[in-house]
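Open the model in your viewer and show it as a cartoon with side chains available. The tour below says what to select at each stop and what is found there.

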Amino acid sequence: MSDEPTRPGEAIQPRERGQLGHACEHAGCGKDAGWGFAKPTQASHWFCYEHRGEGERFL
Ligand SMILES: [Zn+2]
């Protein structure tokens, strides 16, 4: 029996894209979006601080 090298017990955890996971949907913006807007049955829309006002039409 040979000695097996000790493997680091490092679990690879899949991360969602980006630090916040969302990008602003405003055309040409693409900043990290911290404001999400969604009706209960629909996909959510995300906007940054500057463009968060645009998300209100999705509510
Ligand atoms: Zn934006």
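**First stop: histidine 26**

Select histidine 26, which counts as partly exposed because its relative accessible area is 27%. Buried means under 20% relative accessible area, exposed means over 50%, and partly exposed is in between, with a 1.4 Å probe and protein chains only. The model is predicted: local features need pLDDT of at least 70, side-chain atom pairs count only at pLDDT 80 or more, and totals for chains, interfaces and linings use all residues. Residues are numbered from 1 along each chain as its sequence is written, and side-chain values use heavy atoms, with hydrogens and water left out.

Histidine 26 sits in the segment before S1. Helices (H or I, at least four residues) and strands (E, at least two) are DSSP runs, numbered from the N terminus. Now show the contacts of histidine 26, where contact means heavy atoms within 4.5 Å. Apart from neighbours within four places in sequence, histidine 26 is in contact with Phe47, His51 and Glu54. Then add glycine 55: histidine 26 and glycine 55 are 29 residues apart in sequence, and their C-alpha atoms are 9.4 Å apart in space.

**The whole chain**

Zoom out and colour by secondary structure. The chain has 0 helices and 2 strands. Of its 59 residues, 15% are buried. Among contacts between residues at least 6 apart in sequence, 8% join residues at least 24 apart. The chain exposes about 5,300 Å², and carbon and sulfur atoms supply 50% of that area. Accessible areas come from the Shrake-Rupley method with a 1.4 Å probe; for residues, only the protein chains shown count as cover.

**The zinc ion**

Which atoms coordinate the zinc ion? Select Cys24 (SG), Cys29 (SG), Cys48 (SG) and His51 (ND1), which coordinate the zinc ion at 2.0 to 2.3 Å. Donors are N, O and S atoms within 2.8 Å of the metal (3.2 Å for Na, K and Ca); water is not among the atoms, so sites may look incomplete. The 4 donor atoms subtend angles of 104 to 115 degrees around the zinc ion, so the arrangement is tetrahedral. Four donors count as tetrahedral if all angles lie between 85 and 135 degrees.

Along the chain, the donors of the zinc ion follow the spacing C-x4-C-x18-C-x2-H. Cysteine 24 and histidine 51 link distant parts of the chain: cysteine 24 is in the segment before strand S1 (35–37), histidine 51 is in the segment after strand S2 (45–47), and they are 27 residues apart. Both cysteine 24 and histidine 51 are buried. Histidine 51 has a relative accessible area of 14%. Not counting residues up to four places away in sequence, histidine 51 touches Cys24, His26 and Cys29.

**The aromatic rings**

Next, show the aromatic side chains. The structure holds 3 aromatic pairs. For one of them, select phenylalanine 37 and phenylalanine 47: their ring centres are 6.1 Å apart and their planes are at 65 degrees, so the pair is edge-to-face. Rings of Phe, Tyr and Trp (its six-membered ring) pair if their centres lie within 6.5 Å; planes under 30 degrees apart count as stacked, over 60 as edge-to-face and the rest as tilted. Phenylalanine 37 is in strand S1 and phenylalanine 47 is in strand S2, 10 residues apart. Phenylalanine 37 counts as buried at 9% relative accessibility, and phenylalanine 47 counts as buried at 1%. Add Phe58 to the selection: ring pairs link Phe37, Phe47 and Phe58 into a cluster.

Keep the rings in view and select histidine 45, in strand S2. At 21% relative accessibility, histidine 45 counts as partly exposed. Leaving aside neighbours within four places in sequence, the contacts of histidine 45 are Glu25, Trp35, Gly36, Phe37 and Phe58.

**Last stop: arginine 52**

Which rings have arginine 52 over their faces? Select tryptophan 35 and tyrosine 49. Arginine 52 lies over the face of tryptophan 35, at 5.6 Å from the ring centre, and over the face of tyrosine 49, at 4.3 Å from the ring centre. A charge sits over a ring if NZ of Lys or CZ of Arg is within 6 Å of the ring centre and within 35 degrees of the ring normal.

Note on methods. Tetrahedral: all angles 85-135°; square planar, octahedral: opposite > 155°, others 65-115°.
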